[in-house]
Structure formats: structure tokens, C-alpha cells
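Visitor: Please take me slowly through one helix of this protein and what surrounds it, since I am still learning how to read such a picture. I would like one connected account rather than a list.

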Amino acid sequence: MTTRRALVVRGGWDGHVPVEATELFIPFLKENGYDVTTSDSTESYLDLDGVDLVLQCVTMSKADPEHLKSLEQAIRGGTGFAGWHGGIVDSFRDNADYSFVTGGQFVSHPHNFIDYRVDVVADHPIVEGITHFDVHTEQYYIHADPTNNVLATTKFDTHPDFPWIEGALMPVVWTRTWGEGRVFVCTVGHKLDDFDVPEVRTIIERGLLWASK
């Protein structure tokens, strides 16, 4: 098996348990032939030569613009980029170019922790054999790029403070290309037991592999 290289970058807000969450997927990557390196700094984005996949879990925080520029160039050149929840779509809020790459930006979770259904809406290897699944976690309301390839969505109920969101269909899982690179995002993943939902775990694992092919 050809060895591929994965860089796991984790940090930012501790509430998303970036170390513990990414540790759940490192054995999977190793089992699938990846040489995995971890980093707690976006400075590692300055040297992505030969990296096949960047798995990022960095919520909020700030990054040197040169670090993010180097990441963007690596993705454009073919490096895969993947992540979940705030670790990828609530990162580096002051850098609009970064959100252009990810194809989405978190804006709210109006209901906080609720039960909600996720419906698969596309035919894609990442969601093959999955039609829907239910979770109890934050339901992310995001601003999304219309060029995303949306694989799964969720529908919002009304909220007393935001009645206009009732019925809004929101992307939960999507892919996109950026130059020669592939980007994968799943908005589920606030807490560790979110990954105990078999469909969530499967979708993320498949998404990691897909992004780096």
C-alpha cells in the first residue's frame, strides 16, 4: 500500500475538544495507509509539500494570513482539506478568503442542543447506503456557497426569536473542489458522542478518504 501523508491541525476553542475528537480518527487514517502528523499551530501550513490531506479542527482563533494563504495554495495544488463542525466552518472568522475555500461559515445554532434529522439528498460515495439519520446536538445555521455539492441537509423548525427560519433547508454535509484539491465538510461534531452515531462516523471517515484522492 502506498503511504500517504496526513496533517492533523487542532486547536482553538477547547469546547470542541479538538485533540480528543481528532484522536478518534487518527487510527482510521493509519489503518488506511496514512503517515499522520499532528500540529497545534497553523504555522504547519507553511510546509505542506507532499501532504495529501489536511484534517483541521481549529474553532474560532486567528491565523497569520500567510499561513492561510499557504494552505489555500496547497489545496489549489491538490492537497485535500477536511473537517467537521466549528473546527472547519467557524475558524478564522476575520479571513473571508478562508471561508471562500470551505464553502460555508457558521452563523448560529438557534435551538442549541436539539433532536433533528439529517436527510441524504445526493448520490455520492460518501453517503452511499445512507438515507437519513437522527442526532441530538447543535443544528448549525450557516451561510453557504451555492457552488457546494450538498450531500445532506436538515430542516429548521421555527424559533420564537427567529420565526423566519422555519422550514429553512440547511446543508449539513458537502463537498467542493478548489483548484485541483477536494474539500469535505460535515457540520455535525460538537461533542464526542456525536461520533458515536454510526452514520456520522461513516460519513466523516469516507469524507477524509475522498478528500485526499
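**Helix α6 and its surroundings**

Guide: Let us begin inside helix α6, where the buried residues are V200, I203, I204, E205, G207, L208, L209, W210 and A211. Please keep in mind throughout that this is a predicted model. Helix α6 runs over residues 198–211, and its 14 residues, taken at 1.5 Å a residue, should span 20 Å; the C-alpha atoms at its two ends are 20 Å apart, so the expected and the computed span agree.

To see what the helix rests on, we turn to the sheet, which is open, has 9 strands in the order β2-β1-β3-β4-β11-β10-β9-β6-β7, and shows mixed pairing. At the edges of this sheet stand β2 (34–39) and β7 (132–138), each of which has a single partner strand, so one side of each is left without a neighbour in the sheet. Direction ignored, neighbouring strands of the sheet are turned by 20° against each other on average. In general, the strands of a sheet pair through backbone hydrogen bonds, and they may do so either parallel or antiparallel. Here, strand β1 (residues 4–12) pairs with β3 in the parallel sense over 7 bridges, and in β3 the bridge partner of A6 is L53. Helix α6 packs on this sheet, touching β1, β2, β3, β4, β7, β10 (169–178) and β11 (181–186), and the direction of α6 makes about 170° with that of β11.

We can now follow the aromatic rings, of which the model holds 9 pairs. In one of them, the rings of F25 and W84 have centres 4.9 Å apart and planes at 40°, so this pair is tilted. F25 belongs to the loop between α1 (18–23) and α2 (26–31), whereas W84 belongs to strand β4 (residues 80–84), and the pair thus links distant parts of the chain, 59 residues apart. F25 counts as buried because its relative accessibility is 0%, and W84, with a relative accessible area of 1%, is buried as well. The rings of F81 and Y98 have centres 6.3 Å apart and planes at 85°, so that pair is edge-to-face. Because F81 lies in strand β4 and Y98 in helix α5 (residues 96–102), their pair ties together parts that are 17 residues apart in sequence, and both F81 and Y98 are buried.

Ring pairs also join F25, W84 and F195 into a cluster, and over the face of F25 lies R201, at 4.8 Å from the ring centre.

Another link across the sequence concerns E20, which lies in helix α1 and is partly exposed, with a relative accessible area of 42%. E20 and L192 are 172 residues apart along the chain, while their C-alpha atoms are separated by 7.7 Å.

Finally, look at the loop between β3 (53–59) and α3 (65–77), where M60 is found. M60 has a positive phi of about 55° although it is not a glycine, and it is partly exposed, at a relative accessible area of 28%. S61 is placed in the loop between β3 and α3; its phi is near 70°, again a positive value in a residue other than glycine, and at 38% relative accessibility S61 counts as partly exposed.

Technical notes: Residues numbered from 1 in each chain as written. Predicted model: local features only at pLDDT ≥ 70, side-chain atom pairs only at ≥ 80, totals over all residues. Heavy atoms only, no water. Phe/Tyr/Trp six-rings, centres within 6.5 Å; stacked < 30°, edge-to-face > 60°. Helix = DSSP H or I, 4+ residues; strand = E, 2+ residues; numbered from the N terminus. Buried < 20%, exposed > 50% of the residue type's maximum accessible area, 1.4 Å probe, protein only. Lys NZ or Arg CZ within 6 Å of the ring centre and 35° of its normal. Expected span 1.5 Å × (residues − 1). Pairing = 2+ DSSP bridges. Axes fitted to C-alpha atoms, helices over the stretch in contact; angles between N-to-C directions. Contact = heavy atoms within 4.5 Å.
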